[in-house]
Amino acid sequence: MTDDPADILAELSRIRHADPPTHGGRVLSYVYDHGRPELDALAAEAAAMFLPVNGLDPTTFASVARLERDLVRFTRSVLHGDGEVAGSVTSGGTESCLLAVKSARDCWLAARGETDASGERPELVLPTTAHPAFRKAAQYLGLTLAEVPVDPRTGIVAADDVLAAITPRTALVVVSAPNYPFGTIDPVARVAAGAQQRGVPVHVDACIGGWLLPWWPERDTGDNTDDHERWDFAVEGVTSISTDLHKYGYAPKGASVVLYRGRERHRAQYYATTGWPGYPVVNPTVLGSRSATANAAAWAIVRALGTAGYAELVARTAAATGAVRRALDGISGLTVVGAPAAALLAVQADPDRAPAHQVDPFAWVDAVRRRGFLLQAQPAFTQPDGTTLPRTAHLTITPATESVTRELVAALREGADEVRGRPATGPQPDLVAEVLTRGLPAEMAPVLSTLEAMDGEQARTVLTALLASVIDPDVAEDTDGGD
Ligand SMILES: *Cc1c(COP(=O)(O)O)cnc(C)c1O
């Protein structure tokens with residue numbers, strides 16, 4: 001250890017060097033690259049300015065209230081919300097989803113004259129494609145899950161199936177615009193209309209689509225009269241929406257917005273108490289003391305881009321997505337699942353081809369990684385009705401993809417050519433112990449196949465052990481040359 005700032009920063013830089021590149025379009029998940037370096041500099045300065053501020057108390061730090069008000073107002077206008085819509089800035093999509101479930105649970109309990117969930121458990125109705133943040137919320141907050149299978153060919157849930165799952169215990173119905181695994185939009189308008197008739201609130205998870213769909217070409221979500229295309233507050237029965245500033249809003253990590261139709265729904269998200277000898281506590285969100293850096297950075301990015309800036313970045317993302325899509329359509333042995341609504345694509349082995357001509361998505365992800373691009377592997381999934389959603393490779397396209405489209409397309413093609421006809425990788429149970437002692441191998445297909453074959457409980461145990469071992473100072477080794 002040393003106290004010299006230059007040495008400290010040099011060491012941080014060395015540590016950071018082990019990461020895959022967060023800019024330049026080579027990582028097709030996790031990072032959302034606008035491709036405009038001046039925006040990074042702006043976000044960094046804005047964040048630095050707010051480093052010492054505590055977001056715990058916006059009555060003391062009025063700046064925090066101002067930033068949040070502005071972000072809520074802008075987000076609300078993008079999502080066709082009127083003065084009836086209120087909400088909060090949170091630390092991310094998971095927190096936004098968690099709070100939407102908390103609000104719905106407490107409103108459901110209040111409507112029954114209860115104040116805690118010690119009686120009948122409230123229920124969350126959601127398609128299998130809904131984000132795990134909702135499963136996590138149900139586990140944390142004591143709700144049961146009613147999972148609705150989606151069509152394995154299209155990745156879309158049938159509105160009637162969702163509505164049929166509603167019971168008197170349903171506290172909230174969740175749909176996505178779009179869902180993460182397949183990038184397809186659920187039938188929001190039809191679900192919302194039916195749920196509203198039954199007096200049940202509907203949350204639209206637009207964590208990933210909220211800053212993309214409003215400007216996506218060939219989607220007129222403004223004055224569109226086709227209800228099937230609508231998914232935001234323009235749809236009457238939609239009662240809450242989550243949308244992540246730190247994805248296609250291009251803010252640094254740590255910023256999302258959750259909005260509610262009706263202030264009482266928003267208020268139900270709050271925690272407040274005078275039940276201790278200290279200061280009166282009011283927490284709108286999960287955290288107590290909280291950083292205002294992400295809010296300041298998000299505020300600066302939103303200000304710099306405005307609707308015109310988002311429209312331009314979406315146009316570039318759409319152009320890149322079109323190019324990648326055309327290339328994928330030309331690769332034999334692979335096929336895109338369903339009809340993705342925007343910049344997320346899931347690619348499966350083409351079921352209409354003989355195995356000798358198919359491309360296994362897991363092997364393909366490895367082959368494409370060797371060519372310098374990171375895709376995301378998604379294991380096959382058996383739904384509650386016994387149908388199986390296919391093993392896929394996931395691509396998240398960003399504006400930066402445009403600058404590397406030709407290289408990416410070549411990597412996708414050559415990767416497919418390399419592994420086409422190889423039998424799909426199967427599970428290797430011995431691998432688990434090896435991974436837990438030696439870390440993840442370069443070839444991930446066998447690891448993912450092994451995980452895919454495990455039941456939920458086994459997979460939970462292994463995943464927990466693996467991640468804990470990566471962080472545990474008594475297990476993990478520093479490979480970056482630190483002391
Ligand atoms: C990313 C995402 C979330 C969760 O957001 P985090 O910011 O990762 O916590 C929820 N829903 C969807 C559809 C997402 O893509």
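**Notes on the predicted model**

1. Let's start with burial: 51% of the 483 residues in the protein chain count as buried. Keep in mind throughout that this is a predicted model. The protein chain exposes about 22,200 Å², and carbon and sulfur atoms supply 55% of that area.

2. On overall form, the C-alpha trace spans about 65 × 65 × 45 Å along its principal axes. The radius of gyration is 23 Å, which agrees with the value near 23 Å for a compact globule of 483 residues. In secondary structure, the protein chain has 14 helices and 15 strands.

3. How are the contacts spread along the sequence? Of the contacts between residues at least 6 apart in sequence, 70% join residues at least 24 apart. As for charge, the chain carries 42 positive and 60 negative charges, and the mean positions of these two sets are 4 Å apart.

4. Now the cysteines. How many disulfides are there? The count comes to zero. Cysteine 97 is in no disulfide, and the nearest cysteine sulfur, 4.0 Å away, belongs to cysteine 207. Looking from the other side, cysteine 207 is in no disulfide either, with the sulfur of cysteine 97 as its nearest cysteine sulfur at 4.0 Å. The cut-off for a disulfide is a pair of cysteine sulfur atoms within 2.5 Å. On burial, cysteine 97 counts as buried because its relative accessibility is 1%, and cysteine 207 is buried too, with a relative accessible area of 6%.

5. Helix H10, residues 361–370, deserves a look. Eight of its ten residues are buried, so H10 is largely enclosed by the rest of the structure. The buried ones are Pro361, Phe362, Ala363, Trp364, Val365, Asp366, Ala367 and Val368. Just after H10 comes glycine 372, with a positive phi of about 95°.

6. Where does phenylalanine 74 sit? It is in helix H3, residues 62–78. With a relative accessible area of 19%, phenylalanine 74 is buried; since the cut-off for buried is under 20%, that value falls within it. Leaving out residues up to four places away in sequence, phenylalanine 74 touches Trp211, Val302, Gly306, Thr307 and Tyr310. The C-alpha atoms of phenylalanine 74 and arginine 303 are separated by 9.6 Å, although these residues are 229 apart along the chain.

7. Two tyrosines are worth checking for backbone geometry. Tyrosine 30 has a positive phi near 70° in a residue other than glycine, and its place is the loop between helix H1 (5–16) and helix H2 (37–49). Tyrosine 250, also not a glycine, has a positive phi of about 65°; this residue is in the loop between strand S6 (238–243) and strand S7 (256–261). Are they buried or exposed? Tyrosine 30 is exposed, with a relative accessible area of 58%, whereas tyrosine 250 counts as buried at 4% relative accessibility.

8. There is a cis peptide bond to inspect as well. Which residues does it join? Alanine 177 and proline 178, with omega at about -10°. Proline 178 is in the loop between strand S4 (170–176) and helix H7 (188–197).

9. In helix H13, residues 445–453, have a look at threonine 450. At 6% relative accessibility, threonine 450 counts as buried. What does threonine 450 touch, not counting residues up to four places away in sequence? The list is Pro427, Gln428, Pro429, Leu431 and Val432.

10. Finally, alanine 476 lies in the segment after helix H14 (456–471). Alanine 476 counts as partly exposed, at 29% relative accessibility. With neighbours within four places in sequence set aside, alanine 476 is in contact with Ser469 and Val470. For a longer reach along the chain, take arginine 438: it is 38 residues from alanine 476 in sequence and 9.6 Å away in space, C-alpha to C-alpha.

How values were computed: Residues numbered from 1 in each chain as written. Predicted model: local features only at pLDDT ≥ 70, side-chain atom pairs only at ≥ 80, totals over all residues. Heavy atoms only, no water. Helix = DSSP H or I, 4+ residues; strand = E, 2+ residues; numbered from the N terminus. Rg over C-alpha atoms; globule rule 2.2 N^0.38 Å. Buried < 20%, exposed > 50% of the residue type's maximum accessible area, 1.4 Å probe, protein only. Contact = heavy atoms within 4.5 Å. Areas by Shrake-Rupley, 256 points an atom, 1.4 Å probe, with all protein chains shown as cover. Lys, Arg positive; Asp, Glu negative; His and termini not counted. Charge placed at Lys NZ, Arg CZ, Asp CG, Glu CD.
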